[in-house]
Structure formats: structure tokens, C-alpha cells
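Here is a briefing on the structure shown below. Keep the model open while reading.

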Amino acid sequence: MKQKSSFRRKPLSASGGGIQSLRQTLDPGFRRGDGDFMHSHIMRHALSLATRAYGQTSPNPLVGAVVVKGGRVISEGWHKKAGTAHAEVIALRRAGKKAKGADLYVTLEPCCHFGKTPPCTDLIIRSGIRRVYFGMRDQNPAVNGRGLKQLKKAGIKVYGPVLESECMAINRPFIKWITTGLPFVTAKVAVTLDGRIADFSGDSKWISCEKSRLYTHALRSGSDAVMVGANTYRKDRPRLNVRLPGYKGKQPLPIVVGSKGGKKANLKKLLRELGGAGFQSILVEGGGALHTEMLKLGLVDYLVVFIAPKMLGNKGLTWLGDMGNVKMSAPLKMNVVRRLILDNDVVIEGTPC
Ligand SMILES: NC(=O)c1ccc[n+]([C@@H]2O[C@H](COP(=O)([O-])OP(=O)(O)OC[C@H]3O[C@@H](n4cnc5c(N)ncnc54)[C@H](OP(=O)(O)O)[C@@H]3O)[C@@H](O)[C@H]2O)c1
């Protein structure tokens, strides 16, 4: 499929001053003033390209690349799927001979090893790229700085990291998996104002609004697997798939956690096995017993809580069970990363701590 962009071939716009001053801003020393803005601007575009493949690249990371020459974007690319061309390769192929003397912006350090595809560093060197601006180092132990070293050795000027925290944020699952072998776990729950996930009879359809449920489908589309406890499966028969309008991407693996011979599942072992099988991201959708156990064991990396303006009283099911004697002076907390308003629901997301 041809990769489209609204950005391509447009002159870069910075703080005014025409192409000549734009060229100057692209020169090294980019950590200062306009240059800093310019490089972030292009890297932000590379990031937006990378996220077009959200949920589709596992076990590979999301990567975007932009080739810039004479103050113009001449080509771009993003990694679409494991086993297919890397972002830099797509961008450089599209740039062709024009890549000679150009600058390459890439959200992740280029690879220098043979995986399913040959090393990107070789192609960058052969293409005659003059400078490489990278977003973050590749934390894959097989790369981790070696790609940058190879480029420098070949005489290419290497600058970065540019927008490192943003580049890391889009690849949280990849970073966790490549450094620990474990999948990145997101727990998602929809609660009433009084913290209930179902009514006295176990009915939970629906706590959150339609927009919130669409957002849940977007979360599913970014996950390799979606997991629920056996009670949720028995009660709700959730399909655990992505049903976004027009969605044709990968479907997550549905997982129902049950007991065997009266023994509860070993959740740590299960995650280790999933990580070993290449699962990078797991979305846990409840219910209460599974969420409680996952949080107690410290297995949740990211929490997404939908709060709906409804109340069910104390006969409703709470989403957190026995967490021990938690003191007000030392509560379980969340480092808030994002807050959203979806119609009348409030969504609060972050890392439990
Ligand atoms: N509002 C929401 O966001 C939301 C989301 C999901 C569910 N819900 C509601 O929540 C209710 C179900 O929640 P629930 O708390 O009763 O059950 P649950 O968390 O869905 O499932 C718990 C069951 O999972 C199995 N399990 C196996 N190993 C486990 C382990 N290590 N830790 C925890 N569970 C393990 C056990 O089933 P067995 O022993 O039977 O095999 C256990 O009884 C339903 O009413 C559903 O509608 C609401």
C-alpha cells in the first residue's frame, strides 16, 4: 500500500525567516533555540508516522523515519509489521538518490544486526546520509548504542536523543518486553462514582458510555492479548476482539483465566510464558478478583479507569477486593499520565505505585 502523507514536500516552517534560516536551524547545535524546535518538529512528525502502525508491529517496536534535505521533507516511512521493511529502509528507498547528503530523522536508533531483515545501518551508510537524528536508543541488547557507533564510524554525524520521552512513551510495551522478557500489562476497569463494577446481580452492561467503550476497543487494538477472569467470562461472554469501525488490523488473543483442580492460576508464570511466546502487551479487563490479584502481585504496569456518573450502592461489586490494611497515610496510588473526558465519563490513566 502506498504511504500517504499530508506533510511531504511542504517546506518546513519554523519561526519565519525563509529557507536559508531554516537550513541554519537544521545545523548541529540543535539543542539551542530555533534548532531545537525544528528538530523536535520533524521528530514529532516521525512519531506520528510511527503510531500509524499502533498495535500491529509486535514483537517489533513502532518506528517512524523522515528524510530531510535543503529544508524539505523528501521522503518518509514507518514500520508496519514484524518481518517487513523497517521505517528507515522505506524512507530511504523512497528518497532514492536524493538521500545523498540528506538528514535522516528516526524515532529509534537504527538496527545494526541481522534479524528478519538486514541491518538498517548498512543502508543508511550506503545511501550517503550526512546526519542522523535519533529519538531514543534501541534497548534491544543486540543494538543498544551499537547502531549509533557504526554510523559514527562511517563518518555520519549522529545527534540525539530528540524527544526521547515521547519516543519511549509510544514503545512502552516493546521496552518492557525486550529488557525483561515480560509483557507490558494494562489493566482497564469501568466503575461507577461509588467504585462499583457491576450491580448486586453481577450485571455490568453498561457502566461506561459508548465513547468510552470505543476507547476500550482502541486499547484492545494496541494489545497482543486481552485477558479476563473466569467469572467475567461466565457472566458476560465478552468477545474480547476489536470492533472499531473499518478496523482491519490484528486481533488480540482472547485469554480467560480459570482455576485448575481447585487451584488458582499462577499469574506470574502465565505472564512469563506469554512474554516467552512473544506477547508484548496484555490488556486485562477484569473482573474484580483478577484485578485485585494482579495489582497485589505488582503485575500491572498501566491502569486505565473509566469513571461513569452512576451509583450502585453497597450491594454492587467493587473492583478491588482485599488489599490488606491499607492506611490513609500510605495509600495505593497512581502516577497520573493522562486524563480524558469522554461524554460524561472521566478517564484517568497512569502507572500504579
Ligand atoms: N465494569 C467493569 O469494568 C467490569 C469488567 C469485567 C467484569 N465485570 C464484572 O465483574 C464480575 C466478575 O468479576 P469477579 O471478581 O467475580 O471475577 P473475575 O475476576 O472475572 O474472575 C475470577 C475468577 O477467575 C479465576 N481465577 C483463576 N486464577 C485466578 C487468580 N490467580 N486470580 C483471580 N482469579 C483467578 C477463578 O475462577 P474459577 O475458580 O471459577 O475458575 C476466579 O473465581 C461480573 O459481574 C462482570 O460483569 C465488570
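The points below cover a sheet, two cores, a ligand shell and some unusual backbone geometry.

This is a predicted model. An open sheet of five strands is one main feature. A nonpolar core of 45 residues is another. The ligand has 28 residues around it.

**The five-stranded sheet**

- The strand order is β2-β1-β3-β4-β5, and the pairing is mixed.
- β2 (72–78) and β5 (157–159) form the edges, each pairing on one side only.
- From one strand to the next, the twist averages 20°.
- Strands β3 (residues 103–106) and β4 (residues 131–134) run parallel and pair over four bridges.
- Asp-103 has Arg-131, in β4, as its bridge partner.
- Helix α3 (residues 87–95) lies across β1 (64–69), β2 and β3. The angle between α3 and β2 is about 140°.

**Nonpolar cores**

- In soluble globular proteins, nonpolar side chains tend to be buried together.
- The largest nonpolar core here holds 45 residues. Ala-46, Tyr-105 and Val-106 touch the most other members.
- Helices α2 (33–50), α3, α4 (120–127) and α5 are among the elements that give two or more residues to this core. Strands β1, β2, β3 and β4 do so too.
- The largest share comes from α2, with seven residues.
- Tyr-105 is in contact with Ile-42, Met-43 and Ala-46, and also with Ala-65, Val-66, Val-68 and Tyr-133. That list leaves aside neighbours within four places in sequence.
- A second, separate core has 33 residues. Ala-187, Val-191, Phe-279 and Tyr-302 are included in this second core.

**The ligand shell**

- Of the 28 residues that surround the ligand, the closest are Gly-229, Asn-231, Thr-232, Gly-286 and Gly-287.
- At least two shell residues come from each of β6 (184–192), β7, β8 (225–229), α9 and α11.
- Helix α9 gives the most, with five residues.
- By class, the shell has 13 nonpolar, ten polar and five charged residues.

**Cis peptide bonds**

- Most residues other than glycine have a negative phi, and most peptide bonds are trans. The cases in this group and the next depart from that pattern.
- Lys-205 and Trp-206 are joined by a cis peptide bond, with omega about -10°. Trp-206 sits in the loop between β7 (196–198) and α8 (210–221).
- The bond from Gly-286 to Gly-287 is also cis, with omega near 0°. Gly-287 belongs to the loop between β10 (281–284) and α11 (288–296).
- Both of these glycines are listed among the closest residues to the ligand.

**Positive phi outside glycine**

- Asn-144 has a positive phi, near 30°. Its place is the loop between β4 and α5 (146–153).
- Asn-144 has 15 other C-beta atoms within 10 Å, so it counts as partly exposed.
- Leu-240 also has a positive phi, about 60°, although it is not a glycine. The loop between α9 (230–236) and β9 (253–257) holds Leu-240.
- Is Leu-240 buried or exposed? Leu-240 counts as buried because it has 22 C-beta neighbours inside 10 Å, and the cut-off for buried is 20 or more.

Methods:
Residues are numbered from 1 along each chain as its sequence is written. This is a predicted model: local features need pLDDT of at least 70, side-chain atom pairs count only at pLDDT 80 or more; totals for chains, interfaces and linings use all residues. Two strands pair if DSSP finds at least two bridges between them. Axes are lines fitted to C-alpha atoms, for helices over the stretch in contact, and angles run from 0 to 180 degrees between N-to-C directions. Two residues are in contact if their C-beta atoms, placed from the backbone, lie within 7 Å. A residue is buried if 20 or more other C-beta atoms lie within 10 Å of its own, exposed if 12 or fewer, and partly exposed in between; C-beta atoms are placed from the backbone. A residue is near a molecule or strand if its C-beta atom, placed from the backbone, lies within 6 Å of it. Ala, Val, Leu, Ile, Met, Phe, Trp, Tyr, Cys and Pro count as nonpolar, Asp, Glu, Lys and Arg as charged, and the others, Gly among them, as polar. A nonpolar core is a set of buried Ala, Val, Leu, Ile, Met, Phe, Trp, Tyr and Cys residues joined through C-beta atoms within 7 Å.
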